[in-house]
There are 2 protein chains.
Amino acid sequence: MTKPQLDRSGVRTSRRERVREATLAEIKEIARRHLVEHGSQGVSLRAVAREMGMTAPGLYRYVSGIDALLVLITADMYDDLADHVAAADASVPEQNTDQRILTSLRAFRGWALEHRAEFSTMFGPRNRLDPDSDITAALEAGRRFGATFFTLFDRLVAEQRFEVPPDDEVPADLASELRAFADTVGVATPNVPLGAVMVLSSCWVRLYGVVCMEIFQHLNFVMADMEPLFESELRGVLERVGVEYRPPPE
Amino acid sequence: MTKPQLDRSGVRTSRRERVREATLAEIKEIARRHLVEHGSQGVSLRAVAREMGMTAPGLYRYVSGIDALLVLITADMYDDLADHVAAADASVPEQNTDQRILTSLRAFRGWALEHRAEFSTMFGPRNRLDPDSDITAALEAGRRFGATFFTLFDRLVAEQRFEVPPDDEVPADLASELRAFADTVGVATPNVPLGAVMVLSSCWVRLYGVVCMEIFQHLNFVMADMEPLFESELRGVLERVGVEYRPPPE
DNA sequence: AATGTTTGCTAACGGTGTTCACTAAAGCGT
DNA sequence: ACGCTTTAGTGAACACCGTTAGCAAACATT
């Protein structure tokens, strides 16, 4: 009988499973560094294996292929982003909803700026992630990321901060989509009006759009600094949901 | 003396140059088909060469590498998109500005839906296009694409369709960026107020955002059909610039 | 101690981008 | 028509890549 230890989640974990978990973590760590250093194209099983003193086929004991590895680290990156945003949110007094939202959204952009390669693989086209590979992990991590914002948004709805479009102003086809969205994404407040979800979607689209434009460098030769445009959109979004905008510090 | 013929642009073109142009066109055509059939990853010099009965090194007489080839076809794709939007625009009576805008914007999304792979390489992260390779061609094509919308937008400004924020509501740092934007992108109307450019940017960000979200499949497991959300954003955008929204036909 | 399981290796196949030396052809000037 | 020059394209080679199959050593369990 070997020494069965307990995971922090209470799962009995043998020595074998622990070392296995460790090497898997090493694989992901190296792969991710290659991602940020050489872009999405620069992640290769052989290079990762080489760096950790292994050969490429050995990695197949841990990962079912290069695409699956990318999905794995994508999930980790969502976790990172979620942590970063949550930390920024937590750095503001809990009752100060306005400042919390402002800070969280700026933290989102800030993380994107400092992690361009990661952001691109997370929010860009799903080129290599498409196959059926366990994308569920990445999805779950993405859901956790969104939760921070949804929680804050719930407060705005509860506090009736902004004018919510009445239900009869939401087209029927959009209504059913929004319902599905609110359900799967897990908006905390039950019976949140569909109009509010519509506003939320619109706000998210705007911020997603402006950050993608910046990271994907779509106005690169047309606009030197994208921060003013982001702040402008941020201001517009916050105005829409009844949150006070304040210019960024210094 | 050989037979010097005249290009339609008036450039003397020898036989050699003509056949050269033809094979370059073939290269791009095949590469693009591979792009739509096998995704961005599935474009390879060797495969293209194989299909046209050549060997890969031969292609280096026409293209300086695989990345440069991708940039080349990206420029072509912008041309295609521009043509598609322009055709949609031209299919509406010239005086009907509202319908022209509505149709053009829907044409943008429609093209994206029917050309997902192309759209992804055009509007997604610039992964393989980054190196200094003559990206100017793609930029120019992108500029032509935007021109259609800017022309229509100019009419809205000229007709004073919507409320333009006064200049003192445009932050100073944003103002200079917007000026650069208006200049390089070539907004036709001289002295177009900066507030109008700000509104234009905001509208474009929203539409870009919602279409990217759809094509990049970011709400795939959360929303079955993205059209209602697009139409909702479209409605909001048009409302902002004083254009009448009409639901899509049928 | 013997048995089964997991891990990692080597070898191999087929694919990729790219460079270099080289041939054969096409164009050009006389 | 003849040479000379430029060009298009080839073949071989190098260095990568993902992935599969078979095998040997390490490990865990009985």
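Let me begin with helix H2 of chain A, which contributes the most to the surface near DNA strand D, giving 4 residues, where near means that a heavy atom of the residue lies within 4 Å of the strand, and where helices are DSSP runs of H or I with at least four residues, numbered from the N terminus. Please keep in mind that this is a predicted model, in which local features need pLDDT of at least 70 and side-chain atom pairs count only at pLDDT 80 or more, while totals for chains, interfaces and linings use all residues. Residues are numbered from 1 along each chain as its sequence is written, chains are lettered from A and ligands numbered from 1 in the order in which they are written, and side-chain values use heavy atoms, without hydrogens and water.

Around DNA strand D there are 23 residues, the closest being Arg46(A), Arg50(A), Tyr60(A), Arg61(B) and Tyr62(B). Of the strand's atoms that come within 4 Å of the protein, 59% belong to sugar and phosphate.

Turning to polar contacts, that is, pairs of N or O atoms within 3.5 Å, a polar side-chain atom of Arg50(A) is 2.4 Å from a phosphate oxygen of DNA strand D. For Ser44(A), a side-chain N or O atom lies 2.9 Å from a phosphate oxygen of that strand, whereas Ile66(A) uses a polar backbone atom, 3.0 Å from a phosphate oxygen.

Finally, the two protein chains: chain B superposes on chain A, by least squares on the C-alpha atoms of residues with pLDDT of at least 70 in both, through a rotation of 180° with 0.0 Å of shift along the axis and an RMSD of 0.1 Å. That is the relation of a two-fold axis, and in chain B the C-alpha nearest to this axis belongs to Gly209(B), at 1.8 Å.

Technical notes. A polar contact is a pair of N or O atoms within 3.5 Å; within protein, one must be able to donate a hydrogen and the other to accept it, and residues adjacent in sequence count only if both atoms are side-chain atoms. Helices (H or I, at least four residues) and strands (E, at least two) are DSSP runs, numbered from the N terminus.
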